[in-house]
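Here are my notes on the model you passed along. I kept them to numbered points so you can check each one against the coordinates.

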Amino acid sequence: MQPLSTNDRDLLVAALTEQADRWDKAIVRKDRAAIEANMADDFRQIDGAGNVETRQSFVDGVMAPELEIAPYAVEDFDARIYGDVALLSGRTRMTGKYQGKTFNTHYRYIDVYVRREDEWKIVSVQISNIP
């Protein structure tokens with residue numbers, strides 16, 4: 001496998017950054033089709049408490065009527081490309097309501113994307129809470 005040129009790497013990072021941003025926005029607006037379109041069938045998330053979520057349980061949790069997420073921004077974004085694997089990481093401050101109670105979280109995350117059949121899909125998310 002040939003290493004990416006600087007220009008190709010920059011274009012790929014820009015495309016993945018936009019893809020990740022679209023996914024974040026789909027989560028906020030609870031767009032099931034857009035959320036699922038970005039996810040691999042074998043997706044897993046490890047949350048801040050160490051719980052493992054599957055694709056189905058993750059999407060079901062986001063779609064729960066008792067969850068409202070306010071728009072949020074990613075800080076300290078970084079992308080690293082390793083052939084057909086991309087590691088996207090950063091910090092997020094998320095606010096919203098769950099079961100009528102306001103929440104405010106701050107966490108670091110790493111999203112693992114894999115290219116399969118020329119499509120990049122998220123396969124894994126790891127979240128670490130920041131006190």
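1. Burial first: of the 131 residues in the protein chain, 37% are buried. Keep in mind that this is a predicted model, so every value here is computed from predicted coordinates.

2. On the surface side, the protein chain has an accessible area of about 7,900 Å². Carbon and sulfur atoms account for 51% of that area.

3. Now the overall dimensions. The radius of gyration of the protein chain is 15 Å, and a compact globule of 131 residues would be near 14 Å, so the two agree. If you are setting up a box, the C-alpha atoms fill roughly 50 × 30 × 25 Å along the principal axes.

4. Secondary structure: the protein chain has three helices and seven strands. In sequence order the pattern reads α-α-β-β-α-β-β-β-β-β. In other words, two helices come before the first two strands, then one helix, then a run of five strands.

5. As for contacts, take the ones between residues at least 6 apart in sequence. Within that set, 50% join residues at least 24 apart.

6. Charges: the protein chain carries 17 positive and 22 negative ones. Their mean positions lie 4 Å apart.

7. Next, the rings. How many aromatic pairs does the structure hold? There are three, and two of them are worth going through here. As a reminder, a ring pair is described by the distance of the centres and the angle of the planes.

8. W23 and F43 make an edge-to-face pair, with 6.4 Å between the centres and 65° between the planes. For the label, recall that planes over 60 degrees apart count as edge-to-face. W23 sits in helix 1 (residues 6-29) and F43 in strand 1 (residues 39-46), so this pair ties together parts that are 20 residues apart in sequence. Both W23 and F43 are buried.

9. W23 also pairs with F58, and this pair is stacked: the centres are 5.7 Å apart and the planes differ by 20°. Here the link runs between distant parts of the chain, from W23 in helix 1 to F58 in helix 3 (residues 55-63), 35 residues apart. Like W23, F58 is buried.

10. Put those two pairs together and you get a cluster: W23, F43 and F58 are linked by ring pairs. If you open one spot in your viewer, I'd go for W23, which pairs edge-to-face with F43 and stacks with F58.

Methods:
Residues numbered from 1 in each chain as written. Predicted model: local features only at pLDDT ≥ 70, side-chain atom pairs only at ≥ 80, totals over all residues. Heavy atoms only, no water. Helix = DSSP H or I, 4+ residues; strand = E, 2+ residues; numbered from the N terminus. Rg over C-alpha atoms; globule rule 2.2 N^0.38 Å. Buried < 20%, exposed > 50% of the residue type's maximum accessible area, 1.4 Å probe, protein only. Contact = heavy atoms within 4.5 Å. Areas by Shrake-Rupley, 256 points an atom, 1.4 Å probe, with all protein chains shown as cover. Lys, Arg positive; Asp, Glu negative; His and termini not counted. Charge placed at Lys NZ, Arg CZ, Asp CG, Glu CD. Phe/Tyr/Trp six-rings, centres within 6.5 Å; stacked < 30°, edge-to-face > 60°.
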